[in-house]
Structures are given as C-alpha cells and as structure tokens.
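Trainee: I am new to this model and would like a close look at one enclosed space in it. Could you walk me through it?

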Amino acid sequence: MAAGGAADGSGGTAGQTAARVRASDPATRAGAHLTVDLDAIAANYRILCAQTGDTACGAVVKANAYGLGVDRVAPVLARAGARDFFVATIDEALDLREILDAAGIPEARVVVLNGPLPGTEPDLVGFGITPVLNSLDDLARWGAAARAREMRLPAILHVDTGMSRLGLPDEAVQVLAEAPDPLAPLRLDGVMSHLACAPDPDNPENAAQLARLRSALALLPTAPVSLANSSGIFLGPAYRFDLARPGVALYGVNPAPYRDNPMHPVVHLCARVLQVRQIDAQRGVGYGSTFRAAGPTRIATVAAGYGDGVLRALSNSGCVVAGGQRLPIVGRVSMDSITVDATALPPDALTAGDSVTLIGPGHDVDALATEAGTIGYEILTALGRRYHRSYRGGDG
Ligand SMILES: *Cc1c(COP(=O)(O)O)cnc(C)c1O
C-alpha cells in the first residue's frame, strides 16, 4: 500500500506526516485577528452594576458569550461579582456549569432561558441548572420531576408581557392564580419577563409591558423579579426590580442608542491586505461586477469574508479603517475576502501584509452593524472561527 507514503524517497510515512510540526505560529498564518478585551468586559459589568444600584446584576452569556468565547468570558464576569448566569440552551448550560466549576465558582447560578425540554430533567437536576418555565406544560413537567425526586427543584417563571415569544400568556397566569398547586413542588426563585422595545425609551410599549408585569405579579406568589436586559437597565429604576439580565452591553454594544455609548469597546477585529491593484474606469470589482470604478482606483483585497462572519450585506455599503481613513467596501463580499477602495490613501500607505480595521477605534460594532442593516448582536454572534483569537487581560 503506497497511500500516505512519501513519493520523494524522504522516508516519510502517514504517521510522520500527521506529526509534522508547523514552523510558523498561528498568529502569523492568520489572515485576520480578533482581540477580545476581557478587562473591558469586567469594566462594563461594573458600569452596569453601578447603574442598577441595589438591583443585582446577572450576566447573559448565551451563544458562546455572544460569539466572544464563554470559556474565557464567564470566569471573568464571575470574578467581577456576577452570580446569576443566563444561557439559551441546555447544552450551553451544561458547558457553563463545567466552566464555572473549573473556575472555582460552583455556587454561581446557571439559568437556561429556553426552558426544560422533555427528557433533559436528569441533566438539569444533576448539573444544578435552573430552568425558566415558559408554559404551564413546562411547569407540570418540572413539577413532576421534583415530585419524583422528592426535591424542591428551583425554577424561574416567565410571564409574557408583550414579546409573544416565550412565557405564560395572560390566560395561563390567570389559570395559575386560581389553582397554584403546580407551583407547590417547586422552589420559585424568580418571576421574569422580557422587554420588546427597550432600546427606544419613547416607545409606549415599555410602560405597557411594565404595567402587565405588575398585574401578573399581583396574582403570583412573591419571588424576586427580573425584567431588564441591557437596554432595560437604562429605562430607569422602575424597570430594574430585583435582578437585571444584561448581555450585549457587557460586550461593548451601545444599550442606549439615543446617547453616547456608555460601555467600553471590547472587540478589535483587523484583517490583512493580500494584494493591492490599480484599476481603470469602468473595470468591475467582485462577483456580479456590482461595483464599477468611476476613474483610476486602487483596490485592496483584504483577508476576511462572509465565511468569517463579514456579512454579505456589507457589499458596497460597509467600510474599514486604515491610516486614519475610512475605506469603503466595494463590490460584493466574497467568502474569504473583501475588496476596499484605498484610493483615498497615498499610493504606498497600504500594501500587501498591512492590516485594516473592521471593528475598532473609529469604527465600532454598532457602526459596522448599521452599515450592514443589522444590529451589533448579529455582528458579534456571526464572528467566524477562522480568526486568530487572542484575549487581553482578565487575569486570575
Ligand atoms: C438575550 C436575552 C437577554 C439579554 O439581552 P441583551 O439585550 O443582550 O442585554 C435577557 N433576557 C432574555 C430573555 C434574553 O433572551
């Protein structure tokens, strides 16, 4: 069998091939670099704590801490004082419990927002996960799990006040108020709801949701209450209750878009120039030739594309920063690269191997999101796996 053997007589075998050592380091090989500032995340947590005052401040770390790496982010937040962690899925909850155990913070609470799926009760109980109960059905099943184990299992009850997504609708709250026995086998650790319009303080839906939550609370047993996400924290004290659940603000996205961003920037994304070329008027750029040069134009091809989470919606609408200038993305975003118009820079100011900034000083996550017609949440959670990732600070 010749497969895997070296054809050049060097004596290599398949085994030796697999063990080949890469001489360059990953940072050198990577076309793009993502840096996450863990100290900025801790500082953002402290800013939110200062804002919430007497209200406890939890941390939402779903979707791999909004794409930034929950294994690095959660211990930093725990060391900054967070004790209530929220994730979306059960797998995220199980992973997070192991991360927090390894970090020496086993007492932290892990809450799974999507609730207990049938058949997952043994894992939720075994790993000490608190499910959010989103329906009377969830409540019945989690109650049955508690009875079967003769344990008062923890639960947070979610009341829908206007998202119409998850949580007990008004009628279900009414049913529970009239016959509260499904709650008897459980330890009700909280009642929560979620705001639909919190980034817009002038939206009357905010006050309407607050009023509906107050009506529901009047019908339910007393328990700590949680309503505010990142933006909700900035709507004022009435929205804060006992526990806040910020996510995106921890990661540097502006929770209050109607004012200057009070959060520290967390993410720095830069990518290398692969090639620079001069094109003449009318020459097309990229797939579909959606951009045509109006005159002599210098095009720099940069090593990050939609395969890395540079959204295709940035085609002919986004920009990068280099040499203190904003350079427009021209043509379509490709899988592995983008093309930018570098004509505004002096001819030798940007050459192959140089870096341009996609997210960083002068062009933050919110700016890139606006250019893509989306929100910072989507930019962060789309951040790709090919970037060389490094973390700053967060020692402990
Ligand atoms: C994602 C989520 C949060 C966090 O929201 P941010 O806007 O990122 O602060 C809070 N609560 C629930 C129910 C969520 O789904």
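Trainee: Which residues line the second largest cavity?

Mentor: Happy to help. This is a predicted model, where local features need pLDDT of at least 70 and side-chain atom pairs count only at pLDDT 80 or more, while totals for chains, interfaces and linings use all residues. Residues are numbered from 1 along each chain, and side-chain values use heavy atoms, without hydrogens and water.

The second largest cavity (points on a 1 Å grid over the protein atoms alone where a 1.4 Å probe fits but cannot get out) has a lining, meaning residues with an atom within 4 Å of a point. That lining consists of His 158, Asp 160, Thr 161, Met 163, Arg 165, Leu 166, Ser 193 and His 194. By class, it has two nonpolar, four polar and two charged residues. The space inside comes to about 40 Å³, a volume filled by probe spheres set on the points.

Arg 165 belongs to this lining and also leads us to the ligand: an N or O atom of its side chain is 3.4 Å from a ligand oxygen atom. Tyr 377 has a side-chain N or O atom 2.6 Å from an oxygen of the ligand, and a polar side-chain atom of Arg 245 lies 3.0 Å from a ligand nitrogen. The protein covers 93% of the 390 Å² of accessible area (Shrake-Rupley method, 1.4 Å probe) that the ligand has on its own.

For context, the structure holds two cavities of 30 Å³ or more. The largest one has about 60 Å³, and its lining divides into ten nonpolar residues, one polar and no charged.

Methods:
Polar contact = N/O pair within 3.5 Å; in protein donor to acceptor, adjacent residues only side chain to side chain. 1 Å grid on protein atoms, 1.4 Å probe; cavity = no way out; pocket = protein on both sides within 12 Å on 5 of 7 lines; lining within 4 Å. Nonpolar A, V, L, I, M, F, W, Y, C, P; charged D, E, K, R; others polar.
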